[in-house]
Amino acid sequence: MAEQSTPKTPASKPSASKSSVPKSSVPKSSASKPSVPKTPAPETSVSETPASKPSPTRVVSRRRLLGTAGATGLALGAVGGAAGYAAAPAADRTALLSSVGADEVMFHGKHQPGITTALQAKGHLVAFDLAAGAGRKEAATLLRRWSTTAERLMAGEASANDDTDVARDAGPSSLTLTFGFGHSFFARTGLEKQRPIALDPLPDFSSDHLDKARSNGDLWVQIGANDSLVAFHALRAIQQDAGRAARVRWQMNGFNRSPGATTRPLTARNLMGQIDGTRNPKPSESDFDRRIFVPETSDPAWMAGGSYAVVRRIRMLLDDWEALSVKDQEEVIGRRKSDGAPLSGGTETTAMDLEKTGGDGKLVVPVNAHARITRPDENGGAAMLRRPFSFHDGIDADGVPDAGLLFVCWQADPLRGFVPVQRKLDRGDALSAFIRHESSGLFAVPGGASEGEYVGQKLLEG
């Protein structure tokens with residue numbers, strides 16, 4: 001768990017209005033959808049993606065139904081998954097949505113959603129392996145289908161194929177779906193020459209206790225939303241869309257604090273009770289894109305505008321951690337537990353004074369403190385955008401919590417982002433005694449899809 005911060009979850013506030021959602025690149029229904037005017041909402045987080053759309057004051061229920069006879073002059077006989085929603089009572093169709101439900105993130109854009117999008121309350125990480133006999137053609141068909149489903153669900157519409165109705169009454173709820181390719185995908189599809197060097201397997205680390213069955217995979221999908229049913233609905237749709245082309249290799253479920261749970265946007269806390277993510281790169285910084293996204297002149301060209309995601313399931317040994325005094329916990333991290341300020345003084349955002357000593361002559365921030373070791377200036381400038389979820393999967397056979405962090409970090413090159421920092425942690429991080437890396441994956445996440453395209457099209461049809 002690196003010292004750099006996670007995108008903050010903004011406090012939810014009703015905003016003035018909401019613009020019409022761009023039409024999908026595939027047919028959705030024979031009924032038309034009314035356009036609702038909208039204006040931008042006040043910015044609540046520096047890490048919020050520009051593709052994020054503000055909340056409306058008045059929205060029809062989840063699907064915003066593709067129109068009514070009185071409003072459009074068209075019949076309500078919608079086809080496919082939207083038909084069930086068109087039959088909803090008029091009062092339901094015009095019900096107000098809170099800002100949490102109405103917040104919408106755009107599917108199309110230069111980068112995929114779910115990277116700079118503000119942290120969501122619920123997340124699912126799932127990896128797939130292509131089925132035996134499935135290759136490039138089947139993969140292209142699957143990514144096209146997934147992209148269509150993602151665009152529809154992120155706009156608050158029904159899935160095009162046998163929608164389950166799980167999220168019928170909810171709005172988009174900041175839903176994002178993000179797609180990536182694992183190292184093994186390229187051999188399975190005959191695209192080895194297009195596999196990026198940056199996707200070479202991560203080195204072994206001494207803190208690794210990796211379960212191979214829960215690591216890597218041909219394809220990876222990250223789902224995030226501010227409503228649990230909306231997130232689950234997307235997960236089921238993606239799994240159903242996979243059909244016979246791919247099977248689930250592993251799935252992990254996580255959570256964060258819900259928007260609006262605090263009086264103002266705050267840096268997230270992890271299950272150790274520590275403020276986790278104070279030094280995250282910010283989109284407002286001049287070198288943010290260079291550090292996080294692959295440049296337009298990249299090789300291979302299909303990764304332009306993309307990023308690399310390192311995914312690690314990090315078990316926290318909470319019984320051992322909670323047995324420490326607060327003072328000892330703070331020395332392990334190098335920051336105060338109450339407000340995240342460095343032990344050298346100041347507030348959460350105050351620069352850490354690595355040379356400051358106490359009355360006993362010892363360094364105030366210990367040499368093996370996690371916050372000291374993970375600083376970019378202590379690792380040759382290595383930086384990554386951390387965007388994790390916490391997890392709790394019950395109590396294990398020994399009676400201790402199976403809980404911790406679903407660590408997800410983004411960088412233009414993992415060999416310059418994640419790897420140098422993890423090697424440094426491996427050599428003497430005080431936090432290592434209280435965590436265990438149990439699974440790992442590295443995925444190439446291509447740039448966003450343009451209107452009429454699907455994610456990965458430049459790779460699969462190039």
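## Burial and overall make-up

A residue is buried when its relative accessible area is under 20%. By that cut-off, 55% of the 462 residues in this protein are buried. The model is a predicted one.

The protein has 13 helices and eleven strands. Its accessible surface comes to about 18900 Å². Carbon and sulfur atoms hold 52% of that surface. Long-range pairing shows up in the contacts. Take those between residues at least 6 apart in sequence: 80% of them join residues at least 24 apart.

## Gln251: place and exposure

Gln251 sits in strand β6, which covers residues 246-255. Is Gln251 buried or partly exposed? Its relative accessibility is 32%, so Gln251 counts as partly exposed. The reasoning rests on two cut-offs: buried stops at 20%, and exposed means over 50%.

## Gln251: neighbours in space

Which residues does Gln251 touch, once those within four places in sequence are set aside? The contacts are His124, Leu125, Val126, Leu235 and Gln239. Val126 is one of these. In sequence, Val126 and Gln251 are 125 residues apart. In space, their C-alpha atoms are 4.2 Å apart.

## Gln251: polar contacts

The Gln251 side chain takes part in side-chain polar contacts. With the side chain of Gln239, the distance is 3.0 Å. Gln239 also appears in the list of contacts above. With the side chain of Asn253, the polar contact is 2.8 Å.

Methods
Residues numbered from 1 in each chain as written. Predicted model: local features only at pLDDT ≥ 70, side-chain atom pairs only at ≥ 80, totals over all residues. Heavy atoms only, no water. Helix = DSSP H or I, 4+ residues; strand = E, 2+ residues; numbered from the N terminus. Buried < 20%, exposed > 50% of the residue type's maximum accessible area, 1.4 Å probe, protein only. Contact = heavy atoms within 4.5 Å. Polar contact = N/O pair within 3.5 Å; in protein donor to acceptor, adjacent residues only side chain to side chain. Areas by Shrake-Rupley, 256 points an atom, 1.4 Å probe, with all protein chains shown as cover.
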